[in-house]
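Student: Could you take me through the open and enclosed spaces of this model in some detail? I would like to hear about the pockets and what lines them.

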Amino acid sequence: MGKLSCIRSLCCMGPPQPASPAGTVDATAGVRVKVEIKNGIFELTLSNPDGIVTGVRYNGVDNLMEILNKEDNRGYWDLVWNPPGQKTGIFDVIKGTEFRIIYHDENQAEVSFTRNWDPSLEGKAVPLNIDKRFIVLRGSSGFYTYGIYEHKEGWPDFGLGETRVAFKLRKDKFHYMALANNRQRIMPMPDDRLPPRGQPLAYPEAVLLVDPINPDLRGEVDDKYQYSCEDQYNNVHGWMSFDPPIGFWQITPSDEFRTGGPLKQNLTSHVGPTTLAMFLSAHYAGDDLSPVFTNGEYWKKVHGPVFMYLNSSWDGSDPTILWEDAKVQMMIEKESWPYYFAFSEDFQKTEQRGSISGRLLVRDRYIDDEDLYASGAYVGLALPGEAGSWQRECKGYQFWCRADEDGSFYIRNIVTGNYNLYAWVPGFIGDYKLDATLTIASGDDIYLGDLVYKPPRDGPTMWEIGVPDRSAAEFYVPDPNPNYVNRLYINHPDRFRQYGLWDRYTELYPDSDLVYTIGQSDYSTDWFYAQVNRKVDENTYQPTTWQIKFNLDSVSPGSTYKFRVALASSARAELQVFFNDQNRGVPHFATGMIGRDNAIARHGIHGLYWLFNINVDSAWLAQGMNTIYLKQPRNQSPFQGLMYDYLRLEGPCDC
């Protein structure tokens, strides 16, 4: 392809104004300044000094952005913040006040749009210096964007609820959305979500399509949360136009700048047509993942770069061509990370970073006399904290990998700084943390040798329910109400993404609650995926109490058993546990109200992970049949409830 030809700043008058009676031009017409970057493949237009993507010209189409939207509602960075004591977030489309050309030659252009804070803005604007960067390379079919956020020492306190980049594409062109090999489809139009074409459901994001423009979609539910994705799989998503055949893709080559670890779920693409690069959000976690900056603390972080990739084909009848090409490009971007061409000194290049390696083993003498390989373990670095704190960490960088079959791990390209090493192992409960704080310096290649994780264990397994994988997906997920179906998820591995599954519990258990009998019941068919409230009428819900029945041939007097409950989700819920006596005034164990992850309403199958280790006095148990009662007493909403990950009763220690 030709060289990167130009960066141009264009000044243009505002909309044509009627002439005055004397025939003179209205001198009050506004002047708009734009920045154009071309490389022979596409043309990127940005407002100046705002730094809003107002236009993308590509493959004969003058603008891929939604031309019916105002210019500041096309491609933009935004955030949600709140001053101290204010719970309601303030939505802010980030507009720069100063434009700079960082670098420009025939091979690369990088431009900057900055917005700086000063004390005169206190209470009016988020106390951050923000530098939005855009990069175009020679021969590259797309553009990069990244942002540098800085809160200087002594600046006012504030909370940050969300920050992202959003692109709104032309609704007359982009109708086909793809998130994964098995998650792609023709999508509704934005007008389909509005009355009378759309009927609002239990919350604003969910709409029943009663008279969509495309009649094939009639009767389906549209909800942007049905298209959420765990960050570990959230690398490429976007939209396709069939006439002409064009793809617009958001590629995220690294998770290091996203918060909450690899299991954190975020929005991707949804009706608009809209595509998002989420850097920080409280979705599926609640306020635990909204950082709060207090006492004038210093903070600086680079979000991105992410890549907006454009592709096209001769054959518009097969959307998989563009999707497969986008996946190839995603792998190229991942292999190119960290990008050498980003000019900010705050974005560290390969030679400035470090690496760490080792092997993780699991020691559980009730399973095996030898240490086991931590096969497939999630191993990562995050800011220092307690074991498991990585899933609530939201200020620093995180670096994760999956261990090999023998438990070996190698984490590369780590930004310099102080970290703890964390891990969790599918098939085992709990969290591992290396006691030492690790300092990563430029050029480091640290080998840690063999590390041993000892998962929580006091005695032999009496029985267990589920699989310890931090998800409720292995439990019984019902078919949706036929009146509220998203056809994409019929006979789909992610069947839990259907709308309204919480109400199916009431239909399955109209008068009495779930009873699970050890040795007879099967958790894949007999354990409902979420402990939700029973619907009595439109606005009334009953708490539910589940039972686990099990037989003990004998009880060891004066001993302590252990009941371990791992939760995959909690939404303003409480777990109360009773052993053989559900009518006692005080439960044997209670969590109090926990969690705000809203995974039940948002089709997430998990939110944050919780592990409770309950000491069980042998006096609470009996020889013969026993019953554990699991009560969730909070019943103000259909969405208050729990998702279980795994439950296990251990006998007394035989050591």
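Tutor: Happy to, and here is a walk through the pockets, then the cavities and the packing around them.

This is a predicted model, so a word on confidence comes first. The chain has an average pLDDT of 94, and 95% of the residues score at least 70. Residues 11–31 are another matter, with pLDDT staying under 50. For that stretch the model has 16 contacts beyond four places in sequence.

Let us begin with the largest pocket, which holds about 880 Å³ of space. It is lined by 39 residues, and Lys87, Ala282, Gly286, Asp287 and Ser290 are the closest to its centre. Strand 5 (75–82), strand 11 and strand 39 (560–573) are the elements that give two or more residues to this lining. Strand 11 gives the most, with 6 residues. By class, the lining of the largest pocket divides into 15 nonpolar, 13 polar and 11 charged residues.

Strand 11 (158–168) also leads us to Arg170, which sits in the loop between that strand and strand 12 (174–180). Is Arg170 buried or exposed? Its relative accessible area is 12%, so Arg170 is buried. Leaving out residues up to four places away in sequence, Arg170 touches Val61, Asn63, Leu64, Met65, Glu66, Ile67 and Pro273.

Now for the second largest pocket, with about 760 Å³ of space. Its lining is made of 22 residues, and those nearest its centre are Ser254, Asp255, Lys334, Trp400 and Cys401. Here the elements that give two or more residues are strand 28 (399–402) and strand 29 (408–414). The lining of the second largest pocket has 9 nonpolar, 6 polar and 7 charged residues.

Trp400 and Cys401 connect this pocket to the packing, as both are in contact with Val379. Other contacts of Val379, neighbours within four places in sequence aside, include Leu360, Phe399, Phe409, Leu421 and Tyr422. In the largest nonpolar core, which has 101 residues, Val379 is one of those that touch the most other members, along with Phe143, Leu360 and Leu421. Strand 24 (residues 299–312) supplies the largest share of this core, 7 residues. A second, separate core has 67 residues, among them Tyr225, Trp502, Tyr529 and Val532.

Finally, the enclosed spaces: there are 4 cavities of 30 Å³ or more. The largest cavity contains about 120 Å³ of space. Of its 15 lining residues, Leu263, Gln391, His606, Gly607 and Leu608 lie nearest the centre. That lining comprises 8 nonpolar, 5 polar and 2 charged residues.

Notes. Residues are numbered from 1 along each chain as its sequence is written. This is a predicted model: local features need pLDDT of at least 70, side-chain atom pairs count only at pLDDT 80 or more; totals for chains, interfaces and linings use all residues. Side-chain values use heavy atoms; hydrogens and water are left out. On a 1 Å grid over the protein atoms alone, a cavity is a set of points where a 1.4 Å probe fits but cannot get out, and a pocket is an open set with protein on both sides within 12 Å along at least five of seven lines; lining residues have an atom within 4 Å of a point. Grid points are joined across faces, edges and corners, and a volume is the space filled by probe spheres set on the points. Ala, Val, Leu, Ile, Met, Phe, Trp, Tyr, Cys and Pro count as nonpolar, Asp, Glu, Lys and Arg as charged, and the others, Gly among them, as polar. pLDDT is the predictor's confidence in each residue, from 0 to 100. Contact means heavy atoms within 4.5 Å. A nonpolar core is a set of buried Ala, Val, Leu, Ile, Met, Phe, Trp, Tyr and Cys residues joined through side-chain atoms within 4.5 Å. Buried means under 20% relative accessible area, exposed over 50%, partly exposed in between (1.4 Å probe, protein chains only). Helices (H or I, at least four residues) and strands (E, at least two) are DSSP runs, numbered from the N terminus.
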